[in-house]
Amino acid sequence: MPEILFHGAAGEVTGSMHLIRTNGHWVALDCGLFQGRRAESEAKNRQWPVPPREISAAVLSHAHIDHSGRLPRLVKDGFEGPIYCTPATRDLCAIMLPDSAHIQEEDLHYLNKRRARKGLEPVQPLYEYSDVVATLRLFQSISHGRWFSVVPGLLACFNDAGHMLGSAGIHLEFAKRNGDTASLYYTGDVGRFDSPILRDPAPFPEVDTLLCESTYGGRMNESIEEAKEQFIEAIRRTIARGGKVIIPSFAVGRTQTVVYALHEAMVAGTLPRVPVFVDSPLAVNATEVFKLHPECYDVQARAFHRVTGDILGGGCCTYIRTLEESKALHERRAPCVIISASGMCETGRIQHHVKNNIESPRNLILFPGYQAEHTLGRKLVDGARTINLFHEQYTVRAEVVQIHGFSGHADQAELLKMLQPLRGRIRRIYLVHGEPEQTDVFHQKLLENGFHDVITARRDQRDELLTN
């Protein structure tokens with residue numbers, strides 16, 4: 001009888017990995033990096049629920065590092081099977097996994113300097129570039145909507161998830177054995193309806209068992225249209241007072257959404273045409289991948305593409321690669337928009353842009369998404385009057401605005417909209433990928449809406465799958 005073993009993103013939102021065992025084979029659904037406090041995440045990232053050599057295949061929902069970022073470690077520790085994903089996910093992983101390896105090596109360079117001064121042994125990176133190369137050789141891309149064999153007796157199909165370019169829910173069908181059948185759907189991360197660029201999430205299929213994300217299971221987001229209006233208005237008033245707009249943004253997904261919104265507004269005439277700069281090498285590479293996959297675009301994005309020839313800033317946007325070009329932006333005094341990573345101002349070039357613009361009341365620091373606790377971004381949106389950067393203190397005189405509606409995750413109402421058609425037709429729901437305060441609220445909401453067998457998955461929980 002098939003069984004499931006929960007390993008990561010069970011009671012938390014990072015380290016996504018759920019394992020299925022069928023006909024003597026282990027199959028991993030996602031293999032993400034645990035993120036958070038260094039000591040805790042470092043230990044988790046080096047542990048496996050079963051030996052990697054015993055895992056026959058991996059099926060990847062999307063390219064975000066908390067879903068894909070531990071694959072090179074899995075390979076380093078002995079995994080040799082195929083990694084199935086959509087074509088766009090494969091192309092994004094080809095730029096994101098090398099970047100992840102580089103960040104780890106860079107972080108450990110400074111950490112090991114401090115350890116050496118204390119006479120401690122150096123810490124080895126979770127994986128290196130060579131492990132990424134070996135991992136990418138194992139990728140096999142399958143388009144949305146096509147059934148394929150994962151291991152003997154297990155078929156899979158990718159459904160649109162609407163969360164990021166190439167993202168998918170994973171539909172599994174287990175072959176008859178002793179007259180029994182089983183089916184499972186893993187939602188991956190579910191996107192929002194009417195989100196820019198991407199198609200809406202496809203309906204969840206009728207299955208025995210559903211693994212449902214619950215990242216915002218206790219939260220309601222503002223609408224996409226409300227978010228766009230707030231976004232454009234904030235930029236418009238900054239330009240009117242002669243200021244610069246600094247947008248901390250995640251390099252993959254969020255940056256492209258922001259550029260698309262700016263480009264649309266400028267073409268429509270609702271925003272003056274001012275220079276827009278994307279200052280993040282990873283974002284520049286990710287944008288090129290977006291341009292390679294118009295098959296992922298929704299109807300509106302395709303129509304805009306036909307009119308403009310490029311939905312991602314053609315004619316209004318300059319993509320910055322070199323450090324010299326980035327530094328030159330500090331000398332600009334005329335109104336402009338600078339988009340840079342990281343999205344929470346914790347690392348990267350964005351810190352220099354914040355430092356150089358935070359003390360002018362003409363300028364705007366615009367956050368198009370959630371800011372985690374203890375980050376510089378969170379301090380700014382919480383109203384800090386001074387901040388420390390590069391061992392110096394700066395007074396916050398710039399306007400600071402946060403907008404939630406650009407989130408790539410479905411909120412409670414959107415998840416319920418996806419689930420309602422399955423009420424009375426789905427036998428069990430496991431809630432994954434959510435902090436307890438979000439998952440607990442969503443668990444109760446599902447019970448109130450007529451779903452009876454709802455389980456909040458826990459790390460290392462192991463259950464037999466329901467069969468017919």
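**Close-up views of cavities and sheets**

**View 1. The lining of the largest cavity mixes residue classes.** By class, three nonpolar, three polar and two charged residues make up the lining of the largest cavity; Ala, Val, Leu, Ile, Met, Phe, Trp, Tyr, Cys and Pro count as nonpolar, Asp, Glu, Lys and Arg as charged, and the others, Gly among them, as polar. This is a predicted model, so to speak a calculated picture: local features need pLDDT of at least 70 and side-chain atom pairs pLDDT 80 or more, while totals for chains, interfaces and linings use all residues. Residues are numbered from 1 along each chain as its sequence is written, and side-chain values use heavy atoms, leaving out hydrogens and water. Around the largest cavity you'll find D160, G162, M164, G166, S167, L198, R199 and C296. Its volume is about 50 Å³. A cavity here is a set of points on a 1 Å grid where a 1.4 Å probe fits but cannot get out, with lining residues having an atom within 4 Å of a point; the volume is the space filled by probe spheres on the joined points.

**View 2. The second largest cavity has a volume of about 30 Å³.** Its lining runs through P248, S249, F250 and R254, then G343, and then P368, G369, Y370 and Q371. Sorted by class, that lining gives four nonpolar, four polar and one charged residue. With a lower limit of 30 Å³, the count for the model is two cavities.

**View 3. Six strands make an open, parallel sheet.** Reading across, the order is β14-β13-β15-β12-β16-β19. Strands are DSSP E runs of at least two residues, helices are H or I runs of at least four, and two strands pair if there are at least two bridges between them. At the edges sit β14 (317-320) and β19 (399-402), each pairing on one side only. From one strand to the next, the twist averages 20°; angles run from 0 to 180 degrees between N-to-C directions of axes fitted to C-alpha atoms.

**View 4. Strands β12 and β16 run parallel, joined by two bridges.** β12 covers residues 245-248, and β16 covers 364-367. Zoom in on V245 and you'll see L364 of β16 standing opposite.

**View 5. Helices α6 and α7 meet the six-stranded sheet.** Helix α6 (residues 224-240) lies across β12, β15 (337-340), β16 and β19, and runs at about 170° to β16. Helix α7 (residues 254-268) packs on the sheet too, touching β12, β13 (276-279), β14 and β15, where contact means heavy atoms within 4.5 Å. The direction of α7 makes about 160° with that of β15.

**View 6. An open sheet of seven strands has mixed pairing.** The order goes β6-β5-β4-β3-β2-β1-β22. Its edge strands are β6 (139-141) and β22 (462-464), and each of them pairs on one side only. Here the strand-to-strand twist averages 25°. Helix α4 (residues 87-117) packs on this sheet, touching β5 (83-85) and β6, and its direction makes about 150° with that of β6.

**View 7. Strand β4 pairs with β3 and with β5.** Four bridges tie β3 (residues 25-29) to β4 (residues 55-59), and the two run parallel. V27 has A57 as its bridge partner in β4, while L29 stands opposite V59. On to β5: β4 pairs with β5 in the parallel sense over two bridges, and V59 stands opposite Y84 of β5. As for how covered β4 is, four of its five residues are buried, with buried meaning under 20% relative accessible area (1.4 Å probe, protein chains only).

Methods: On a 1 Å grid over the protein atoms alone, a cavity is a set of points where a 1.4 Å probe fits but cannot get out, and a pocket is an open set with protein on both sides within 12 Å along at least five of seven lines; lining residues have an atom within 4 Å of a point. Buried means under 20% relative accessible area, exposed over 50%, partly exposed in between (1.4 Å probe, protein chains only).
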